[in-house]
Each structure stands twice: as structure tokens, then as C-alpha cells.
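Open the model in your viewer, and keep the sequence panel beside it. The stops below each name something to select and then say what is there.

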Amino acid sequence: GLILFAHGARDARWSAPFEAVARQIQVQRPGLVLRLAFLEFMAPNLHDAGEALCAAGCSTVEVLPLFLGTGGHLRKDLPPMVERLREQFPAVRWTLHPAVGEHDMVMQAMAAAALALLPGSSLRRPST
């Protein structure tokens, strides 16, 4: 199973990009049990998402924080939350991964997006 873990916001529209990522993953891996979970303001939270993956029969769960970097929430808040899941569901292997924004592939994509904005870029999007 896979949990995509995002911060959450009071405005429900904020989650649209994360939901799009989840949909793209499901299209490419239709048999994957996947949940989008949030730290605060939105549901489900990490515990509820983890419980749902366990109920679906997952024996391993990958937790990918959809954060650009490892700040206080990922250093201080998230590890104990994952540890509680490990304690509650000891038969499941829980793996907490680094923030997605710290992956080389994502950093390269962000740099490419920034470069595409510059005049003369062959990747520049047409103005609307």
C-alpha cells in the first residue's frame, strides 16, 4: 500500500494537486491500495488512512510525505505518528520515506518548470 501524506488546509481546493497525483498513480498502478492522508484540517488523517490500508490487507505500507522539504512537521510530528501505526499494526511493515521535494527527480522537475518560464525557453508555455 501507499500513503501520500500532505499537510492539509482549511480550503478544500488546496488538495486538488495532491488528488491529481493520487489519480495518476492509480491509473498507472490500478491494483495498488493508495490513500491520500493529511496532517491537519482535512480527512483522512494518517492513522485512519493506515487503518484503511491494513483493513484492505496490505502487509507493507510506504508513506511518502508530499512536502517540498523536511521541516518540523516531518522531523517531529510524522515519525511518532508512523511509530503508533507500527505499534498498532505490528504485522505490517511501515516505511517512512523522505519528503518528495528532496528527491532528485522532483528537484529537476521544479528547475525545469522554472526555466520554462524564461524567455527563449523551448519549453515555454504559450501565454493565455
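What share of the contacts in the chain with a separation of 6 or more is accounted for by residues 24 or more positions apart? In this predicted model, such residues account for 70% of those contacts.

**The whole chain**

Begin with a cartoon view of the chain, in which there are four helices and four strands, following the pattern β-α-β-α-β-α-β-α when read along the sequence. The C-alpha trace spans about 55 × 35 × 30 Å along its principal axes. Of the 128 residues in the chain, 32% are buried, while the accessible surface comes to about 8000 Å², with 59% of that area belonging to carbon and sulfur atoms.

**Strand 1 and its partners**

Select strand 1, residues 2-6, and display its side chains. Five of its five residues are buried, and the cover extends to both faces, with Leu2, Leu4 and Ala6 on one side and Ile3 and Phe5 on the other.

Add strand 2, residues 34-38, which runs parallel to strand 1 and is joined to it by five bridges; within this pairing, alanine 6 stands opposite phenylalanine 38. If you now bring in helix 1, residues 16-28, you can follow the right-handed β-α-β unit that strand 1, helix 1 and strand 2 make.

Next add strand 3, residues 60-65, which is also parallel to strand 1 and is joined to it by four bridges. Here the bridge partner of phenylalanine 5 is proline 65.

**Glycine 8**

Move on to glycine 8, which sits in the loop between strand 1 and helix 1. Is glycine 8 buried or exposed? With a relative accessible area of 6%, glycine 8 is buried, because buried means a value under 20%. Leaving aside residues up to four places away in sequence, glycine 8 touches Trp14, Phe38, Glu40, Phe41 and Met42. Select leucine 39 as well and draw a distance between the two C-alpha atoms: glycine 8 and leucine 39 are 31 residues apart along the chain, yet these atoms are separated by 6.0 Å.

**Strands 3 and 4**

Return to strand 3 and select strand 4, residues 93-96, beside it. The two strands pair in the parallel sense over four bridges, and threonine 60 stands opposite arginine 93. Including helix 3, residues 72-88, in the selection shows another right-handed β-α-β unit, made by strand 3, helix 3 and strand 4.

**Salt bridges**

How many salt bridges does a search of the whole structure find? There are three, and each can be visited in turn.

Stay with arginine 93 for one of them, in which its side chain meets that of glutamate 62 with an N to O distance of 3.9 Å. Since arginine 93 lies in strand 4 and glutamate 62 in strand 3, the pair ties together parts that are 31 residues apart in sequence. Both residues count as partly exposed, arginine 93 at 46% relative accessibility and glutamate 62 at 22%.

Then select arginine 86 and glutamate 83, whose closest N and O atoms are 3.3 Å apart in a salt bridge. This pair belongs to helix 3, where the two residues, being three apart, are separated by about one helical turn. Arginine 86 is partly exposed, with a relative accessible area of 32%, and glutamate 83 is likewise partly exposed, at 34%.

Finally, go to arginine 13 and aspartate 11, whose side chains meet in a salt bridge at 2.7 Å, N to O. Arginine 13 is exposed, with a relative accessible area of 67%, whereas aspartate 11 is partly exposed at 33%.

**A nonpolar surface patch**

For the last stop, switch to a surface view and select Leu68, Met107 and Met110, which make a nonpolar surface patch of about 290 Å². Methionine 107 belongs to helix 4, residues 104-116. At 38% relative accessibility methionine 107 counts as partly exposed, and it is therefore eligible for a patch in this respect, as patch residues need over 30%.

Methods. Residues numbered from 1 in each chain as written. Predicted model: local features only at pLDDT ≥ 70, side-chain atom pairs only at ≥ 80, totals over all residues. Heavy atoms only, no water. Salt bridge = Lys/Arg side-chain N within 4 Å of Asp/Glu carboxyl O. Buried < 20%, exposed > 50% of the residue type's maximum accessible area, 1.4 Å probe, protein only. Patch = residues over 30% accessible without salt bridge, like charges linked within 9 Å, V, L, I, M, F, W, Y side chains within 5 Å. Areas by Shrake-Rupley, 256 points an atom, 1.4 Å probe, with all protein chains shown as cover. Contact = heavy atoms within 4.5 Å. Pairing = 2+ DSSP bridges. Right-handed = clockwise from strand over helix to strand, strands pointing away.
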